[in-house]
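Good morning, and thank you for making time for this item. I would ask you to keep the sequence and the structure in view while I speak.

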Amino acid sequence: MWNWGQTATEYIQRLTGAAASPDDHSILLYMTMRFSWVIHKIQDLKAYYASDKLNVEVDLVVDEKISLRDSHDVGESLQYIIESVPTVDRAFVHLDYDEWNLPSHMNQMDR
């Protein structure tokens, strides 16, 4: 009964969006940092459970002088690399050329 309770608690946490472990987060951050010279800054990296595996959201600042084609290829390639990690189900990569960003798109609606 005790074992069943622990297993149930673990799955409930994962189904309700628990954050990734510090080790998983560090691995994803390291992979992203080392991926390409085009990436100037990692603004945010979120990893959370949406099922048995993680969803990863990465916000990056890239060199504004590279072409749309090249920046798209970097973002898409990084998405595939992150999704190849066994603990990851889905990755979302957002690219921007400028560090300045509104904290959230939803905040725009409140004003």
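I shall go through the overall fold, two helices, two single residues and one pocket.

First, the basis of what I say. This is a predicted model, in which local features need pLDDT of at least 70 and side-chain atom pairs count only at pLDDT 80 or more, while totals for chains, interfaces and linings use all residues. Residues are numbered from 1 along each chain as its sequence is written, and side-chain values use heavy atoms, with hydrogens and water left out.

The chain contains four helices and three strands, in the order α-α-β-β-α-β-α along the sequence. Here helices (H or I, at least four residues) and strands (E, at least two) are DSSP runs, numbered from the N terminus. Of its 111 residues, 26% are buried; buried means under 20% relative accessible area, exposed over 50%, and partly exposed in between, with a 1.4 Å probe and protein chains only. Contact, throughout, means heavy atoms within 4.5 Å. Among contacts between residues at least 6 apart in sequence, 61% join residues at least 24 apart.

I turn to helix H2, residues 22–33. Its twelve residues reach 16 Å from first C-alpha to last, close to the 16 Å expected at 1.5 Å a residue; the expected span is 1.5 Å times one less than the number of residues. Which residues of H2 are buried? They are Asp-24, Leu-28 and Thr-32. These cover an arc of only 65° around the axis, which puts them on the same side of H2; the arc is that of the directions from the helix axis to the C-beta atoms. The general reason is that an α-helix has 3.6 residues a turn, so residues three or four places apart point the same way. Pro-22 and Asp-23, on the other side of H2, are exposed. The cover over the buried residues of H2 includes strand E1 (39–49), E2, H3 and E3.

Helix H3 has 16 residues, and its end C-alpha atoms are 22 Å apart, in agreement with the 22 Å expected at 1.5 Å a residue. Its buried residues are Ser-71, Val-74, Gly-75, Leu-78, Gln-79 and Ile-82. They fall within an arc of 135° seen down the axis, so they line one face of H3. Arg-69 and Tyr-80 are exposed on the other side of H3. H2, E1, E2 and E3 are among the elements covering the buried residues of H3.

Next, the strands. Is His-40, in strand E1, buried or exposed? His-40 is exposed, at 55% relative accessible area. Leaving out residues up to four places away in sequence, His-40 touches Val-61, Val-62 and Asp-63. Asn-55, in strand E2 (residues 54–62), counts as buried because its relative accessibility is 13%. Beyond its neighbours within four places in sequence, Asn-55 has contacts that include Lys-46, Tyr-48, Asp-89 and Phe-92.

Finally, the second largest pocket. Its lining comprises 13 residues, with Val-62, Leu-68, Ser-71, Leu-95 and Asp-96 nearest the centre. H3 gives the most to this lining, with five residues. Helix H3 (68–83) and strand E3 (88–96) each supply at least two.

To bring these together, Ser-71 is buried in H3 and is also one of the residues nearest the centre of the second largest pocket.

Methods
On a 1 Å grid over the protein atoms alone, a cavity is a set of points where a 1.4 Å probe fits but cannot get out, and a pocket is an open set with protein on both sides within 12 Å along at least five of seven lines; lining residues have an atom within 4 Å of a point.
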